[in-house]
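Visitor: I am new here, and I would like a friendly tour. Could you put the structure up for us to look at together?

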Amino acid sequence: MTHQNECKRCGTCCEKGGPALHTQDLPLIEKGFLSFEKIITIRKGELAHDPVSNSIEPVKTEILKIRGIKDSWACLFYDKTRNGCTIYDHRPLACKVLKCWDTDDILKLAGKDLLSRLDIVKEGNPLRERLIEHEKLFPCPDLKTISRTISRLSKKTVKKLERIINKDLAYRIRAIDEFNLSVSQELFYFGRPLFQLLIPLGFTTRETSSGIKLRFSQARSISTK
């Protein structure tokens, strides 16, 4: 067996998910190499893969990541036809540090000096106050506890979740209409809708005239990069 000491351009790392952004990546945004539409917000409390513990855990602080391609987490800037990065010269810090054959450096970086929305949505932007308000009104629920007790949740608890997710959606719709936001911009400013965070836990959703209804089907394996 030969010892690997360089990238083989297999694309595996890129297909597993876009990188988290760190404070050193702020110039990439300020200079226009990364727009808000290319970034998705993982809010505090969402379930995600912890590379250090190699387990699914609630994230301890907000994470901004490069958006995925369509319904996958594969990095938006990964060109599968060329097995290459389309912004290689302006790639984020995590991509520069990552070596699949030696993960020490990337693990040391994980969770440290992360960028947040408030680092890049400046004072004077009316959406700054909206995202602060949204975070206060609709914090991420305790998804880990819900995942452990989902089959035993009372109807009262489910109804409470339904009220919260429908209020969250109504808030988003008002902001989308007022600021003419695209879906990509919405996912940056407000993160994923709360009902989407419940689906991997085993909930199914149904749209009705009175809003979204939840129903528990069966627990699914959580796959969040």
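Visitor: How many helices and strands does the chain have?
Guide: Keep in mind that this is a predicted model. Counting both kinds of element along the chain gives ten helices and eight strands.

Visitor: What radius of gyration does the chain have, set against that of a compact globule?
Guide: For 225 residues, a compact globule would come out near 17 Å. The chain agrees with that, with a radius of gyration of 19 Å.

Visitor: And what box do the C-alpha atoms fill?
Guide: Here the box is taken along the principal axes. Its sides are roughly 60 × 45 × 30 Å.

Visitor: What share of the residues is buried?
Guide: A residue counts as buried when its relative accessible area is under 20%. Of the 225 residues in the chain, the buried ones make up 39%.

Visitor: What part of the exposed area do carbon and sulfur atoms supply?
Guide: The chain exposes about 13,400 Å². Of that area, carbon and sulfur atoms supply 52%.

Visitor: How far apart are the mean positions of the positive and negative charges?
Guide: The chain has 40 positive and 28 negative charges. Taking the mean position of each set, the distance between them is 6 Å.

Visitor: Now to one residue: is His-134 buried or exposed?
Guide: His-134 sits in helix H6, which covers residues 126-137. Its relative accessibility is 0%, so His-134 counts as buried.

Visitor: Which residues does His-134 touch?
Guide: Let us leave out residues up to four places away in sequence. Then the residues that His-134 touches are Arg-43, Pro-139, Asp-168, Tyr-171, Arg-172 and Phe-190.

How values were computed: Residues are numbered from 1 along each chain as its sequence is written. This is a predicted model: local features need pLDDT of at least 70, side-chain atom pairs count only at pLDDT 80 or more; totals for chains, interfaces and linings use all residues. Side-chain values use heavy atoms; hydrogens and water are left out. Helices (H or I, at least four residues) and strands (E, at least two) are DSSP runs, numbered from the N terminus. The radius of gyration is taken over C-alpha atoms; the globule rule is 2.2 Å times the number of residues to the power 0.38. Buried means under 20% relative accessible area, exposed over 50%, partly exposed in between (1.4 Å probe, protein chains only). Accessible areas come from the Shrake-Rupley method with a 1.4 Å probe; for residues, only the protein chains shown count as cover. Lys and Arg count as positive and Asp and Glu as negative; His and the chain ends are not counted. The place of a charge is taken as NZ of Lys, CZ of Arg, CG of Asp or CD of Glu. Contact means heavy atoms within 4.5 Å.
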